[in-house]
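Here are some short exercises for getting to know a new structure. Try each task with the model in view, then follow the solution step by step.

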Amino acid sequence: MDLGDSSAAETLPEYLRPGLDIIFAGYNPGERSAMLGHYYAGFGNLFWPLLYESGLTPVPLSFGEDRRILEFNYGLTDLVKRPSRSSADLRPEEMRRGAGELEAKLMRYQPRIVCFNGKGVYEHFRGGQPCELGGQAELIGRSKAFVIPSTSARNGRVGRERKLEFFRDLRRRLLELKQAAA
C-alpha cells in the first residue's frame, strides 16, 4: 500500500504495488467513500458486486473490505484524490495535474492492465481525447488500457448487465495476457 503523498493521507489510501494484474483507476473519491474511508462505497455503486459476478474475484467483497483487493493482485487509485460530491465538481487544473500524477504511478507500478472506471476518467487522463468503452490500442508503459462504464449509480445510461459484460471482457483479456506470458 502506497501512502506516500499527503493528499492520499487526507482521502482514500492508494492500494498499489509493483506487479499487479490490474489497477482500477476511478475519477475521485465520492463524499460517502471518503467519509467511510473506502473505495466505491456510494449507494448503488456496482463495482464490488460486478468484480465478483465477472469472476475477477473468487469471493464477494464489500467496500469495507477494499484493502483486500491486493490479495487478488489488483490495485485501486484515482485520477484526482480530492473527494467531491460529483466528478463534475473537479477543476480542470486538478484533472490535468491528476493525469500527470496518475501516469507517473502507472509507469512506476506497471500493471498488466489499467482499468479506467468510466470513459470520462480515461478521456481526462488522455487530455480530452474521446474513447470507446473496452480495450484501448494505447499502451501506458507496458500496461494495456481498458475502459469500463462507470460503476456509479449515477451512470444510468449503461445497465447492470451491460456493465457486467465489460467486467467479463476485462477478465478474459487478463487471462489471455497471463496465458501469453506463461
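**Exercise 1. Find how many bridges join β1 to β3 and in which sense the two strands run.**

Solution. Start with the terms: strands are DSSP runs of E with at least two residues, helices are runs of H or I with at least four, and both are numbered from the N terminus. Two strands pair if DSSP finds at least two bridges between them. Here, β1 and β3 run parallel and are joined by 4 bridges. Now look at single partners: I23 has V114 of β3 as its bridge partner, and I22 stands opposite I113.

Before you go on, note that this is a predicted model, where local features need pLDDT of at least 70, side-chain atom pairs count only at pLDDT 80 or more, and totals for chains, interfaces and linings use all residues. Residues are numbered from 1 along each chain as its sequence is written, and side-chain values use heavy atoms, leaving out hydrogens and water.

**Exercise 2. Put the 5 strands of the open sheet in order and say which are the edge strands.**

Solution. Strands of a sheet pair through backbone hydrogen bonds, either parallel or antiparallel. Next, follow the neighbours:

- β1 and β2 run parallel, joined by 5 bridges, with L76 as the partner of F24.
- β3 and β5 are parallel too, with 5 bridges, and F116 has V147 as its partner in β5.
- β4 and β5 (residues 143–148) pair in the antiparallel sense over 4 bridges, and L139 stands opposite K144.

The order is therefore β2-β1-β3-β5-β4, with mixed pairing. β2 (74–78) and β4 (134–140) are the edge strands, since each pairs on one side only.

**Exercise 3. Are the residues of β1 and β3 buried or exposed?**

Solution. Buried means under 20% relative accessible area, exposed over 50%, and partly exposed in between (1.4 Å probe, protein chains only). In β1, 5 of 5 residues are buried, and β3 likewise has 5 of its 5 residues buried. In a regular strand the side chains alternate between the two faces of the sheet. For β1, one side holds I22, F24 and G26, and the other I23 and A25. In β3, I113, C115 and N117 point one way, while V114 and F116 point the other way.

**Exercise 4. Which strands does helix α4 lie across, and which does helix α6?**

Solution. Contact means heavy atoms within 4.5 Å. Axes are lines fitted to C-alpha atoms, for helices over the stretch in contact, and angles run from 0 to 180 degrees between N-to-C directions. Helix α4 (residues 92–109) lies across β1, β2, β3 and β4, at about 160° to β2. Helix α6 (residues 160–181) lies across β1, β2, β3, β4 and β5, at about 165° to β5.

**Exercise 5. Where do N73 and Q110 lie, and what is the phi of each?**

Solution. Most residues other than glycine have a negative phi, and most peptide bonds are trans. N73 has a positive phi near 70° and sits in the loop between α3 (47–53) and β2. Q110 has a positive phi near 45°, and its place is the loop between α4 and β3. With a relative accessible area of 15%, Q110 counts as buried.
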